[in-house]
Amino acid sequence: DKYSHFINYTKKDGICNNEINDIIQDHEGFMWFATEEGVSRFDGYTFVNFYYEANNRSSLPGNIVTSLAIDNAHNLWIGTTEGLCKLNQNSGQFERYMAHTNSAKTPRTDNIRELHFSSENNTLWIETLDGTLTSFNQNNNEWNHYIHEVSTQPFYRYHTLYEDNAGYLWVGGRNTPIMQFSPVNKSFYSIQATGEEQGGKRDNDLADIIQTRNNEWFVVGLD
């Protein structure tokens, strides 16, 4: 396409790693990249990188970064395979939210698959490897956990957590059905694969899902 021009950025240009798991833009225009080796911030010219540091609890909890989200206060939330954290962009320090088995006010496990922030409800939604959808309401500091089917092949990085126009959440990943969660009823409804012959998906697998303004749905997966 002669009208399309791409500029490629790699580790040679300063980004943490060439494998990118998520991208987001903050209110100041910075681009943030979740990579397999840390988080990179890009101002259009140069990259600033953030990594896990073994003896620094104000650093990332882990270098394999899976997902990014920004809340109503412009905080950047970062999910890694070793824990959840929030970046104070003024100090450049990370506040960790690590799982504790004796506390319900944390994620159930530190392996974060996907993040989504619901601006209307001021709630951070967190998907973890153990098949838990967690809500963290920042208005009242309330945490809630909802269990669903687990991805059987967690080494695949792709996973989705999407909020539709009606406020339902759609969840899924490798070898999972399409799962719809109602924040009102606090329950899941699963759409299982039935095969092309019956007009359904061929396999239980969800990489991404989106609803258009015309109320059309597009669903993608490895099938």
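Tutor: Two strands count as paired if DSSP finds at least two bridges between them. Keep that in mind as we look at this model, which is predicted.

Student: Fair enough. Which residue in β2 is the bridge partner of Ile24?

Tutor: Trp32 is the bridge partner of Ile24. Another pairing puts Gln25 opposite Met31 in β2. Taken as a whole, β1 and β2 (residues 31-35) pair in the antiparallel sense over five bridges.

Student: What lies between the strands in the hairpin of β1 and β2?

Tutor: Five residues separate the two strands, and Gly29 in this hairpin takes a positive phi near 95°.

Student: And on the other side, how many bridges join β2 to strand β3?

Tutor: Five bridges link β2 with β3 (residues 38-42), and the two run antiparallel. Here Trp32 turns up again, with Arg41 as its bridge partner in β3. The hairpin that β2 and β3 form has two residues between the strands.

Student: Let me zoom out. What is the order of strands in the open sheet with β2 in it?

Tutor: The order is β1-β2-β3-β4, four strands with antiparallel pairing. To find the edges, look for strands with a single partner: here they are β1 (20-25) and β4 (47-50), so each has one side left without a neighbour in the sheet. From one strand to the next, the twist averages 20°.

Student: Is β2 largely enclosed or left open by the rest of the structure?

Tutor: The cut-off for buried is under 20% relative accessible area. Four of the five residues of β2 are buried, so the strand is largely enclosed by the rest of the structure.

Student: How far should I trust this? Which elements have the lowest and the highest mean pLDDT?

Tutor: The value to read is pLDDT, the predictor's confidence in each residue on a scale from 0 to 100. Strand β18 (residues 217-220) has the lowest mean among the elements, at 91, while β2 has the highest, at 98. For the protein, the mean is 92, and 98% of its residues reach 70 or more.

Student: On to the interior. How many residues does the largest nonpolar core have?

Tutor: A core is a set of buried nonpolar residues joined through side-chain atoms within 4.5 Å. The largest one here has 14 residues, and Trp32, Leu60, Val65, Leu68, Leu76, Ile78 and Phe94 have the most contacts inside it. At least two residues come from each of β2, β5 (65-70), β6 (76-80) and β7 (83-88). The largest share, three residues, is supplied by β5. Apart from this core lies another, of 11 residues, including Ala69, Trp77, Leu115 and Ile126.

Student: Let me pick one residue from the largest core. What does Phe94 touch?

Tutor: Leaving out residues up to four places away in sequence, Phe94 touches Phe50, Arg57, Ser58, Ser59, Leu60, Ile78, Cys85, Lys86 and Leu87.

Student: You mentioned Leu115 in the other core. Which residue in β10 is its bridge partner?

Tutor: The partner of Leu115 is Ile126. Strands β9 and β10 (residues 123-128) pair in the antiparallel sense over six bridges. They belong to an open sheet of four strands in the order β9-β10-β11-β12, with antiparallel pairing. Its edges are β9 (112-118) and β12 (142-147), each with a single partner strand, so one side of each has no neighbour in the sheet. The twist in this sheet averages 20° from one strand to the next.

Student: How do I read a polar residue inside a protein? Is Ser67 buried or exposed?

Tutor: Ser67 is buried, with a relative accessible area of 0%. The next step is to look for polar contacts around Ser67, which lies in strand β5. Its side chain makes a polar contact of 3.4 Å with the side chain of Asp22. A polar atom of the Ser67 side chain also lies 2.9 Å from the backbone nitrogen of Leu115.

Student: One more case. Where does His148 lie?

Tutor: His148 lies in the loop between β12 and β13 (159-163). With a relative accessible area of 10%, His148 is buried. The His148 side chain makes a polar contact with the side chain of Glu127, at 2.6 Å. Beyond four places in sequence, residues touched by His148 include Glu127, Leu133, Val171, Met179 and Phe188. The C-alpha atoms of His148 and Val171 are 9.3 Å apart, with the two residues 23 apart along the chain.

Conventions
Residues are numbered from 1 along each chain as its sequence is written. This is a predicted model: local features need pLDDT of at least 70, side-chain atom pairs count only at pLDDT 80 or more; totals for chains, interfaces and linings use all residues. Side-chain values use heavy atoms; hydrogens and water are left out. Axes are lines fitted to C-alpha atoms, for helices over the stretch in contact, and angles run from 0 to 180 degrees between N-to-C directions. Buried means under 20% relative accessible area, exposed over 50%, partly exposed in between (1.4 Å probe, protein chains only). Contact means heavy atoms within 4.5 Å. A polar contact is a pair of N or O atoms within 3.5 Å; within protein, one must be able to donate a hydrogen and the other to accept it, and residues adjacent in sequence count only if both atoms are side-chain atoms.
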